[in-house]
Amino acid sequence: MADELEPETVTIIGAGIVGICSALSLLERGVAVRLIDRARPAEAASYGNAGVISPWSCVPQSLPGIWRTLPKALLDPSGPLAIRLGYLPRFLPWAARFLKAGRTDQVGKIADAMDVLNRPNVELYRRHLAGTGKEHLLKDSYYLQVSRRPNAIRAEDIAYRLRAERDAPLEIVDGERLREIEPALSKDYRSALIIRDQARALSPGDLGKALADKACAMGADLRRLEVKGIRPSEDGAWRIDAVGETLQTAKLVIAAGPWSTQLLKPLGIDLPLAFERGYHLECPDPGVTLEHSVMDIERKFVTSAMSSGMRSAGTAEFADIDTPPAFRRADMLKTLTSAMLPDLKTEGCRVWMGTRPSFPDSLPCIGPLDGHQNLHLAFGHSHYGLGMAPMTGELVAGLLTGHLPNVDLAPYLAARFL
């Protein structure tokens, strides 16, 4: 059974933070929106991240010379990177593209494209949260990148330069100054980079749910359905085959994170999306506090104080989307976080795993798909989904209403891979 919709309705498949922000931006422009997900809003990767919302996230995952660090990271059982053996045939072609994206002639272009998506994120989140009664979920913050090595951060390092060239407010400090800012940190930390003028979510899941509630209050039709496939209609509209019913829509946005490519493959579209699983550990009664988000540079994990406890998130595990979690990777975070925060209480800690959709160039796919009328993409944000979501929503809404901001879309189009 198929339902009828108004001709200009936009249906978004995926009620994670990207889909929710896209819905809000469309609703602000007077567009009728239907939002579909098999789960409640903001319950996948949108829930389990470290809450960092940085306008200065312009450093790609792949950088010149990164290949030198990969063998050590893979061989370290407590390291930040793991690959399930069964995933290797899929991973190796993706890794080749990943290394190519880290060439010197590519990194600056990718950083510029990341900057476009992240720079307005705090301002846009404040706009979306206005009037929800949940404005407190967004807190002004620094991002502290800390190291046990003295002078570990240098102004000539590429990560520093990429941020500095894009006007990020940066300060390099020693361990003593670091502990004036965050007294709970271990005295083993000898140096740090302070990135100012950003924010963090006190509960990423609650933030997403507050924005989904606002979208519904503005008229969004939110439905819990498991989508099995999509089909184009002769009139340019789209049919959505869900369990128990078939829906139709004038325009369709795919924002289903790692599940997006499964919907596109029957259309003959094969994109190099990797399933990059992240884990978190949350201590509900930590006994210590942090005012800012803290990243351990060497161990590649981030710790933030949440409304529900102290959360550490990190590790990148490449595996098929339906592979059972390896929660030992979350348990490793207990040892790492205890070393970061010596007075941390770890009783009753909770673990979680979610799958990030990652393209090899650290950029999502946003925009129309050549040869497929009224079909738009908004997925593949890898580690940056929370930060990139609001501007992604603005681009989606601009494209669908004909009022696109002055942005070069080429770095985000799926055509770069096809």
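User: What makes the sheet with the order 8-2-1-12-19-18 an open one, and which strands stand at its edges?

Analyst: This is a predicted model, by the way. In it, six strands form an open sheet in the order 8-2-1-12-19-18, with mixed pairing. Strand 8 (221-224) and strand 18 (365-369) stand at the edges with a single partner strand each, so one side of each has no neighbour in the sheet. On average, neighbouring strands of this sheet are turned by 20 degrees against each other, direction ignored.

User: How do you know that strand 1 and strand 12 pair, and in which sense?

Analyst: Two strands count as paired if there are at least two bridges between them. Strand 1 (residues 10-13) and strand 12 (residues 251-254) have four bridges, in the parallel sense, so they meet that cut-off. One pair to look at is I13, whose bridge partner in strand 12 is I254.

User: What about the open sheet of three strands: what is its order, and how does it pair?

Analyst: The order is 9-10-11, and the pairing is antiparallel. Strand 9 (227-232) and strand 11 (245-249) are the edge strands; each has a single partner strand, so one side of each is left without a neighbour in the sheet. From one strand to the next, the twist averages 20 degrees.

User: How do you know that strand 10 and strand 11 belong together?

Analyst: By the bridges again: five of them join strand 10 (residues 238-242) to strand 11, and the two run antiparallel. The cut-off is at least two bridges, so this counts as a pair. Within it, I240 stands opposite L247 in strand 11.

User: Why is strand 17 called largely enclosed?

Analyst: Seven of the nine residues of strand 17 (residues 350-358) are buried, so the rest of the structure largely encloses this strand. Buried here means under 20% relative accessible area. Strand 17 also pairs with strand 13 (residues 274-283) in the antiparallel sense, over nine bridges. In that pairing, G354 of strand 17 is the bridge partner of G278.

User: How many disulfides are there, and how do you know that C21 is in none?

Analyst: The structure holds zero disulfides. For C21, the nearest cysteine sulfur is that of C216, 14 Å away. A disulfide needs the two sulfur atoms within 2.5 Å, so C21 does not qualify. C21 is also buried, with a relative accessible area of 0%.

User: And why is C365 not bonded to C21?

Analyst: The sulfur of C365 is 18 Å from the closest cysteine sulfur, in C21, which is too far for a bond. C365 counts as buried too, because its relative accessibility is 0%.

User: Why is R119 called partly exposed?

Analyst: Its relative accessible area is 32%. Buried means under 20% and exposed means over 50%, with partly exposed in between, so the middle label is the one that applies. R119 is found in the loop between helix 5 and helix 6 (121-129). R119 and I53 are 66 residues apart in sequence, and their C-alpha atoms are 9.9 Å apart in space.

User: How many cavities of 30 Å³ or more are there, and which residues line the largest?

Analyst: There is one cavity of 30 Å³ or more. The largest cavity has a volume of about 50 Å³, and a cavity is called that because a 1.4 Å probe fits inside but cannot get out. Its lining is made up of S78, G79, P80, R299, K300, F301, G314, T315, R329, M332, L333 and L336.

User: What makes up that lining, by element and by class?

Analyst: Strand 16 (309-318) and helix 11 (328-340) each supply at least two residues. Helix 11 gives the largest share, four residues. By class, the lining of the largest cavity has five nonpolar, four polar and three charged residues. Glycine goes with the polar ones, so G79 and G314 are put in that class.

User: What lines the second largest pocket?

Analyst: That pocket has a volume of about 340 Å³. It is lined by 14 residues, and the closest to its centre are A101, Q106, I110, D361 and R416. Helix 4 (88-101) and helix 5 (104-118) each supply at least two lining residues, and the largest share, four residues, comes from helix 5. The lining of the second largest pocket divides into seven nonpolar, one polar and six charged residues.

Methods: Residues numbered from 1 in each chain as written. Predicted model: local features only at pLDDT ≥ 70, side-chain atom pairs only at ≥ 80, totals over all residues. Heavy atoms only, no water. 1 Å grid on protein atoms, 1.4 Å probe; cavity = no way out; pocket = protein on both sides within 12 Å on 5 of 7 lines; lining within 4 Å. Points joined across faces, edges and corners; volume = space filled by probe spheres on them. Buried < 20%, exposed > 50% of the residue type's maximum accessible area, 1.4 Å probe, protein only. Axes fitted to C-alpha atoms, helices over the stretch in contact; angles between N-to-C directions.
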